[in-house]
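Me: I have a protein model open and would like to learn how to read it. Could we go through it together?

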Amino acid sequence: MVLETLKITDFRNIATLEINLSPGVNIFYGDNGSGKTNLLEAIFVLYLGRSHRAASESVMVREGCEFYRLEGTANQFDKNYELAVAYERGGRKRVSIDKVAVRLSELYDNFSAVAVGPEDSEILAGSPSVRRRFLDIYLSQFSQKYLSSLAAYQKVIAQKNAALKRHMDPFAFNELLVESGASIMRDRIDFLAKVAESAAQYYGHISDGGMLRVGYQPSVSLPQPTESKDDIKKAFAAALQKAAERERIIETAMVGPHRDDIIFDINDLPARSHGSQGEWRTAAIALKLAVYHLIKEKRGFHPVLLLDEIFAELDHKRAELLVAAFEDFRQLFLTTAVEPPGFLRQNSCGYRVAGGKIIEV
């Protein structure tokens with residue numbers, strides 16, 4: 001998948017911008033606050049309809065404006081697409097492909113993007129909600145079934161919470177939660193097993209021998225080994241029954257995939273409490289590289305790769321080893337305040353970003 005053109009209107013600090021893009025390496029140079037990170041976010045939103053930085057729609061509208069609009073042309077398997085994503089304050093987000101309005105899920109069906117940036121350290125060091133968001137964004141690109149199960153689960157969990165707050169019996173929602181929730185947990189188990197193996201290899205390479213372990217921590221106590229979806233459904237149903245009285249008292253659903261977590265160990269120590277900033281950054285990059293290649297292999301095309309200040313907070317040796325890991329991409333977007341390694345500059349297209357404006361260099 002190659003993004004050929006990008007047009008931005010009133011997005012973040014960018015009033016208007018229209019550029020042609022290279023099918024290979026695109027480097028955005030600029031100081032902090034210049035708007036180069038916003039460019040990467042705009043591409044991610046155009047491809048998937050949501051911010052990789054967990055930003056709300058209203059935050060992405062330029063200050064003093066009423067809407068944002070993103071447009072682009074992309075090519076995949078010699079087929080051209082015209083994409084548009086727009087949002088108006090107080091209204092709904094509108095998505096179109098080839099000028100035909102579509103549901104947000106159709107972006108996930110057709111396009112893919114992997115973003116790597118400084119905020120990814122929060123996957124290691126932040127709250128469980130950050131790790132669940134990471135899972136949802138990238139597993140939804142890996143599996144269309146997962147996106148469908150997630151949408152169904154989120155709808156039912158909202159209904160159950162509403163019932164609990166009204167002191168109504170939420171039992172009727174549990175069967176629906178078990179069905180979609182078991183599918184989500186089964187998919188997370190399989191996906192994280194693949195991610196763990198690949199991320200460990202990348203981390204060992206980038207850190208020159210370090211060890212990264214990634215594990216799934218569901219809120220439901222699952223049988224080991226977990227053999228089937230039916231096993232998960234039985235365990236989930238039992239956990240819901242056990243938690244029923246507590247949920248009634250606190251008026252919130254306490255059991256299910258919305259309470260899951262991911263566990264990270266670096267060199268046999270818990271990453272969240274013992275990892276350094278550099279180790280978190282390295283582990284997060286290894287994680288995203290693993291996700292990138294898994295999605296590519298599953299879907300048969302290269303996701304667009306967005307790299308935001310990836311050399312920040314990495315020592316020189318890790319930066320060199322990281323560069324060597326970038327070997328199999330099609331289109332790459334890189335932001336930097338410093339000169340990137342030589343091989344990335346070769347045959348690249350460079351842009352200077354300042355004050356939300358851009359010029360080719």
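**Reading rings, strands and a helix**

Reply: Happily! Keep in mind that this is a predicted model. Let's start with Y68, which is buried, with a relative accessible area of 0%.

Me: Which residue pairs with Y68 edge-to-face?

Reply: First, some background: the structure holds nine aromatic pairs. In one of them, F11 and Y68 meet edge-to-face, with 5.3 Å from centre to centre and 90 degrees between the planes. Planes over 60 degrees apart count as edge-to-face, so 90 degrees fits that label. F11 belongs to strand β1 (residues 2–11) and Y68 to strand β4 (residues 67–76), so this pair links distant parts of the chain, 57 residues apart.

Me: Are F11 and Y68 buried or exposed?

Reply: Both F11 and Y68 are buried. Y68 also has a tilted pair with Y87, at 6.2 Å centre to centre and 35 degrees between the planes. Because Y68 lies in strand β4 and Y87 in strand β5 (residues 79–88), this pair ties together parts that are 19 residues apart in sequence. Y87 is buried too, with a relative accessible area of 11%. Put together, F11, Y68 and Y87 form one aromatic cluster.

Me: Where does the charged end of K298 sit?

Reply: Here we look for a charge placed over a ring. The charged end of K298 sits over the ring of F142, 4.2 Å from the ring's centre.

Me: Now a strand, please. Which side chains of β9 point to one face and are buried?

Reply: For a strand, follow the side chains one by one and note which face they point to. In strand β9 (residues 212–217) they alternate: L212, V214 and Y216 point to one face and are buried, while R213, G215 and Q217 point to the other and are not buried.

Me: How many bridges join β9 to β10?

Reply: Six bridges join β9 to strand β10 (residues 261–266), and the two strands run antiparallel. As an example, Y216 has I262 in β10 as its bridge partner.

Me: And how do I check the length of helix α1?

Reply: Compare an expected span with the distance between the helix ends. At 1.5 Å a residue, the 13 residues of α1 (residues 36–48) should span 18 Å, and the end C-alpha atoms are 19 Å apart, which agrees. The helix is mostly covered, as 13 of its 13 residues are buried.

Me: What follows α1?

Reply: G49 does, and its phi is positive, near 75 degrees.

Note on methods:
Residues are numbered from 1 along each chain as its sequence is written. This is a predicted model: local features need pLDDT of at least 70, side-chain atom pairs count only at pLDDT 80 or more; totals for chains, interfaces and linings use all residues. Side-chain values use heavy atoms; hydrogens and water are left out. Helices (H or I, at least four residues) and strands (E, at least two) are DSSP runs, numbered from the N terminus. The expected span of a helix is 1.5 Å times one less than its number of residues. Buried means under 20% relative accessible area, exposed over 50%, partly exposed in between (1.4 Å probe, protein chains only). Two strands pair if DSSP finds at least two bridges between them. Rings of Phe, Tyr and Trp (its six-membered ring) pair if their centres lie within 6.5 Å; planes under 30 degrees apart count as stacked, over 60 as edge-to-face and the rest as tilted. A charge sits over a ring if NZ of Lys or CZ of Arg is within 6 Å of the ring centre and within 35 degrees of the ring normal.
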